[in-house]
Each structure stands twice: as structure tokens, then as C-alpha cells.
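Please examine the sequence and the model that follow. The explanation afterwards proceeds helix by helix.

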Amino acid sequence: MRNRIIVIGLIALVGIWIGSRSNRPVVEKTSTAETIRKAWNDPHARKQRAKLRNKIEKAASR
């Protein structure tokens, strides 16, 4: 009788554990191309590239 209660308890714990993991959202991995595209279109990155471009143009015109 005691063994049967232990087995039922273990089954219940495993069921609870599986049930708690089943409702987690699935995060889709983005491709490398998508990551690079997002980094390129980032406003801060655009501003940094423009500053660097101006700096290089000034240095080249001297």
C-alpha cells in the first residue's frame, strides 16, 4: 500500500512538472541575416556611421 502511494505521488509530480513546462512560449531563433538587418537599420548605428563617414571625408579632404 505504501509503495502504491509513493508511485502515485511520483506520477503526480512528473505530471505537474511536464504540465508546468508545456505552457511556456516557444522562442523562434532569428536568422543571422535578420539580426544583421536589424543592426544595420538601428537608428543609433546609422548615426554612428554618418559621423564616421563625415570624419573620414574631412580627413581625406585635407
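Is Ser22 buried or exposed? With a relative accessibility of 56%, Ser22 counts as exposed, because the term applies to values over 50%. The model in which this value was computed is a predicted one.

Ser22 belongs to helix H1, and this helix is a suitable place to begin. Helix H1 comprises residues 2–22. At 1.5 Å a residue, its 21 residues should span 30 Å, and the C-alpha atoms at its ends are indeed 30 Å apart, so expectation and model agree. A separation along the chain can also be set beside a separation in space: Ser22 and Arg4 are 18 residues apart along the chain, and their C-alpha atoms are separated by 27 Å.

The surroundings of helix H1 may be considered next. Among its 21 residues, the count of buried residues is zero, and the helix is hardly covered. Leu13 is located in helix H1 and has a relative accessible area of 55%, which means that Leu13 is exposed. Together with Ile6, Leu10 and Ile16, Leu13 makes a nonpolar surface patch of about 420 Å².

The path now leads to helix H2, which covers residues 32–40. Here Glu34 forms a salt bridge with Arg37, and the closest N and O atoms lie 2.4 Å apart. The structure holds one salt bridge. Why are these two residues about one helical turn apart? They stand three residues apart in helix H2, and therefore about one helical turn separates Glu34 from Arg37. In general, an α-helix has 3.6 residues a turn, so residues three or four places apart point the same way.

Both partners of the salt bridge can be described by their accessibility. Glu34 has a relative accessibility of 27% and so counts as partly exposed. Arg37, at 44%, likewise counts as partly exposed. Thr35 also lies in helix H2; its relative accessibility is 43%, and Thr35 therefore counts as partly exposed.

Beyond helix H2 comes helix H3, formed by residues 43–61. Its 19 residues should span 27 Å at 1.5 Å a residue, and the end C-alpha atoms are 27 Å apart, so the two values agree. How many of the 19 residues of H3 are buried? The number is one, and helix H3 therefore lies largely in the open.

Arg49 offers two further points of reference. Arg49 lies over the face of Trp40, at 3.6 Å from the ring centre. Arg49 is also 14 residues from Thr35 along the chain, and the C-alpha atoms of these two residues are separated by 18 Å. As for contacts between aromatic rings, a search of the whole structure finds zero aromatic pairs.

Key:
Residues are numbered from 1 along each chain as its sequence is written. This is a predicted model: local features need pLDDT of at least 70, side-chain atom pairs count only at pLDDT 80 or more; totals for chains, interfaces and linings use all residues. Side-chain values use heavy atoms; hydrogens and water are left out. Helices (H or I, at least four residues) and strands (E, at least two) are DSSP runs, numbered from the N terminus. The expected span of a helix is 1.5 Å times one less than its number of residues. Buried means under 20% relative accessible area, exposed over 50%, partly exposed in between (1.4 Å probe, protein chains only). A salt bridge is a side-chain nitrogen of Lys or Arg within 4 Å of a carboxyl oxygen of Asp or Glu. Rings of Phe, Tyr and Trp (its six-membered ring) pair if their centres lie within 6.5 Å; planes under 30 degrees apart count as stacked, over 60 as edge-to-face and the rest as tilted. A charge sits over a ring if NZ of Lys or CZ of Arg is within 6 Å of the ring centre and within 35 degrees of the ring normal. Patches are made of residues with over 30% relative accessible area and no salt bridge: like charges are joined within 9 Å, nonpolar side chains (Val, Leu, Ile, Met, Phe, Trp, Tyr) within 5 Å. Accessible areas come from the Shrake-Rupley method with a 1.4 Å probe; for residues, only the protein chains shown count as cover.
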